Amino acid sequence: MTPTPYLFFNGQCAEAIAAYAEIFGGEILEQMPASGMPPEIPVAEERKGWIMHSRMRIGDGELMASDNIMGESAQMDGSSVMLSFPTAAEGKAAFDQLAEGGEIQMAWEPTFWSAGFGTLTDRFGIRWMIGTDEPPQG
C-alpha cells in the first residue's frame, strides 16, 4: 500500500494540477470534468467545468485532487504535503515556484537534518513541506 494525498479545491483544480505537473515534472494521468457526472447527480451549471477527479504521477508516487463540486472546501489545517528532493538545488527550485503568490511559513534554509527544508502555503491554499535527502553541510 502507498498513501496518496488527495487535495480539494474550489474551482482551481485544473490550474493547480497543471502548475504542480510543471513544478514537479509530473504526468497528469486522469482529469475528469464534473460535466461528465451521471445525470442523477445534480451539478450546478457554474460548476460543470470544475474537476470531478484528477490523478497525476510525481516520481514514484501519485497526487490526486478534485474540486469540491457539491460545496466549499475548507482550508487545509493540520496537514501538509511533504516532498523530499534528491538535491537541495531541486528542492529549493520547487519551493520557490510553489511560494509564488503563496505564503512562506518557514523559509528554505539548511537545517541540522538536511541541506535544505522549508514550509509554505501555495496560492491555491495547499500546505507544503519541501526538503531534500541531501545531508547537511559540515
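**View 1. Helix 1 and helix 2 pack with their axes within 10 Å of each other.** In this predicted model, helix 1 covers residues 13-24 and helix 2 covers residues 88-99, and their axes cross at roughly 155°. Angles over 145 degrees count as roughly antiparallel, so helix 1 is roughly antiparallel to helix 2. The crossing of helix 1 past helix 2 is right-handed.

**View 2. A closer look at the residues where helix 1 meets helix 2.** Helix 1 brings Tyr20, Ile23 and Phe24 to the contact, and helix 2 answers with Ala94, Gln97 and Leu98. Sorted by class, this contact of helix 1 with helix 2 holds five nonpolar residues, one polar residue and no charged ones.

**View 3. Glu27 and Arg57 pair up in a salt bridge.** Here we leave the helices and turn to charged side chains. The model has five salt bridges by count, and this view shows one of them, with the closest N and O atoms of Glu27 and Arg57 being 3.7 Å apart. The two partners come from distant parts of the chain: Glu27 sits in strand 2 (residues 27-33) and Arg57 in strand 3 (residues 51-58), 30 residues apart. Are these side chains buried, partly exposed or exposed? Partly exposed covers the range between the cut-offs of 20% and 50% relative accessible area. Glu27 counts as partly exposed because its relative accessibility is 45%, and Arg57 is partly exposed as well, at 37%.

**View 4. Glu30 and Arg55 form a salt bridge between strand 2 and strand 3.** The N to O distance for this pair is 2.6 Å. Because Glu30 lies in strand 2 and Arg55 in strand 3, the salt bridge ties together parts of the chain that are 25 residues apart in sequence. Glu30 has a relative accessibility of 28%, so Glu30 counts as partly exposed.

**View 5. Arg55 also meets Glu62, in a further salt bridge.** For Glu62 and Arg55, the N to O distance is 2.7 Å. Glu62 is partly exposed, with 24% relative accessibility. Which residues do the shared partners join into one network? Take in Views 4 and 5 together: Glu30, Arg55 and Glu62 are the members, with Arg55 bridged to Glu30 and to Glu62.

Definitions and conventions: Residues numbered from 1 in each chain as written. Predicted model: local features only at pLDDT ≥ 70, side-chain atom pairs only at ≥ 80, totals over all residues. Heavy atoms only, no water. Axes fitted to C-alpha atoms, helices over the stretch in contact; angles between N-to-C directions. Helix = DSSP H or I, 4+ residues; strand = E, 2+ residues; numbered from the N terminus. Parallel < 35°, antiparallel > 145°, perpendicular 65-115°, else oblique. Left-handed = near helix turned anticlockwise from the far one by under 90°. Contact = heavy atoms within 4.5 Å. Nonpolar A, V, L, I, M, F, W, Y, C, P; charged D, E, K, R; others polar. Salt bridge = Lys/Arg side-chain N within 4 Å of Asp/Glu carboxyl O. Buried < 20%, exposed > 50% of the residue type's maximum accessible area, 1.4 Å probe, protein only.
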